[in-house]
Amino acid sequence: MANTGDLLITNKGGSYRIQVSGRATFECAPSLRNLAKKLETESFKEIRIDLTKCSWMDSTFMGILAMLALRARKLNAPIYVCNASEQNAGLLCGLGLKKFFQFITDDAAESENGEGAWNDDAPGAPDRSARTVLEAHQTLMNVDEQNIKKFEKVVGMVQKDIDRMNENKNN
């Protein structure tokens, strides 16, 4: 099984499908973050996140899912987590995200040959990846206060890294 996950993101008439394969980590999170940023200014009908082929998720990836969920909530659009394994459902619920998602079993969750694919798989620069990690963990801390203790050190360390990168750019 691959160490890095793959994402296929499609949009058909305002219905987004996100198919996750393998290990969903910070390495594949930037393209999902770009979608979350894009959807901050767009309306959509629903989001379906297909976890059928997802073997595991890290906190950065789940933080980006929380960003999508917050936007969906503002629009009153449903966000479905389809075919989550017990482990993946437990990971999401353990971070207090159950309140945002409708967990369903959906045989039709898989995207149709990438039709309407929205793809942004360009590798991110280190500062872009760091910002993705930072925003994801800040979101997790904002959505559930129990996550503050879990991630405050991560947020502090990543913020220091970003500050150090910015200082190096300015010198």
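Among contacts in the chain between residues at least 6 apart in sequence, what percentage join residues at least 24 apart? The figure is 75%. Good morning, colleagues. The structure under discussion is a predicted model, and I shall proceed from the chain as a whole to individual residues.

The chain has 171 residues, of which 48% count as buried. Its accessible surface amounts to about 9,000 Å², and carbon and sulfur atoms account for 47% of that area. In secondary structure, the chain contains five helices and five strands. Read from the N terminus, the order of elements is β-β-α-β-α-β-α-β-α-α.

I turn now to the pairing of helix 1 with helix 2. Helix 1 covers residues 29–39 and helix 2 covers residues 59–75; their axes come within 9 Å and cross at roughly 15°. How are these two helices oriented towards each other, roughly parallel or roughly antiparallel? Angles under 35 degrees count as roughly parallel, and helix 1 and helix 2 are therefore roughly parallel to each other. The crossing of helix 1 past helix 2 is left-handed.

Which residues make this contact? On the side of helix 1, they are Ala29, Leu32, Arg33, Leu35, Ala36, Lys37 and Leu39. Helix 2 contributes Thr60, Phe61, Ile64, Leu65, Met67, Leu68 and Arg71. Sorted by class, the contact of helix 1 with helix 2 comprises 10 nonpolar residues, one polar residue and three charged residues. As general background, an α-helix has 3.6 residues a turn, so residues three or four places apart point the same way.

How much of helix 1 is covered? Helix 1 is mostly covered, with nine of its 11 residues buried. The buried residues are Ala29, Pro30, Ser31, Leu32, Arg33, Asn34, Leu35, Ala36 and Leu39.

Beyond helix 1, the loop that leads to strand 3 (46–57) contains Glu42. Is Glu42 to be classed as buried or as partly exposed? Its relative accessible area is 27%, and Glu42 is therefore partly exposed, given that buried means under 20% and exposed over 50%. Once neighbours within four places in sequence are set aside, Glu42 is in contact with Tyr16, Arg71 and Leu75. Arg71 also belongs to the helix 2 side of the contact with helix 1. Glu42 and Gly14 are 28 residues apart along the chain, and their C-alpha atoms are separated by 9.3 Å.

Strand 2 (residues 15–24) offers a buried example, Gly22. Gly22 has a relative accessible area of 10%. Which residues does Gly22 contact, leaving aside its neighbours within four places in sequence? They are Gly5, Lys53, Cys54, Ser55 and Trp56. The C-alpha atoms of Gly22 and Asp6 are separated by 6.5 Å, with the two positions 16 residues apart along the chain counted as their separation.

Two asparagines deserve attention for their backbone angles. Asn76, in the loop between helix 2 and strand 4 (79–82), has phi near 60°, a positive value in a residue other than glycine. Asn76 counts as exposed because its relative accessibility is 73%. Asn83, in the loop between strand 4 and helix 3 (86–94), likewise has a positive phi, near 60°.

Finally, I come to Asn142, which is found in helix 4 (residues 126–143). Is Asn142 buried or exposed? With a relative accessibility of 68%, Asn142 counts as exposed. How far from Ala66 does Asn142 lie in space, C-alpha to C-alpha? The distance is 9.9 Å, although Asn142 and Ala66 are 76 residues apart in sequence.

To close, I return to the opening figure: 75% of the contacts between residues at least 6 apart in sequence join residues at least 24 apart. Thank you for your attention.

Technical notes. Residues are numbered from 1 along each chain as its sequence is written. This is a predicted model: local features need pLDDT of at least 70, side-chain atom pairs count only at pLDDT 80 or more; totals for chains, interfaces and linings use all residues. Side-chain values use heavy atoms; hydrogens and water are left out. Axes are lines fitted to C-alpha atoms, for helices over the stretch in contact, and angles run from 0 to 180 degrees between N-to-C directions. Helices (H or I, at least four residues) and strands (E, at least two) are DSSP runs, numbered from the N terminus. Angles under 35 degrees count as roughly parallel, over 145 as roughly antiparallel, 65 to 115 as roughly perpendicular and the rest as oblique. A crossing is left-handed if the near helix is turned anticlockwise from the far one by less than a right angle, and right-handed if clockwise. Contact means heavy atoms within 4.5 Å. Ala, Val, Leu, Ile, Met, Phe, Trp, Tyr, Cys and Pro count as nonpolar, Asp, Glu, Lys and Arg as charged, and the others, Gly among them, as polar. Buried means under 20% relative accessible area, exposed over 50%, partly exposed in between (1.4 Å probe, protein chains only). Accessible areas come from the Shrake-Rupley method with a 1.4 Å probe; for residues, only the protein chains shown count as cover.
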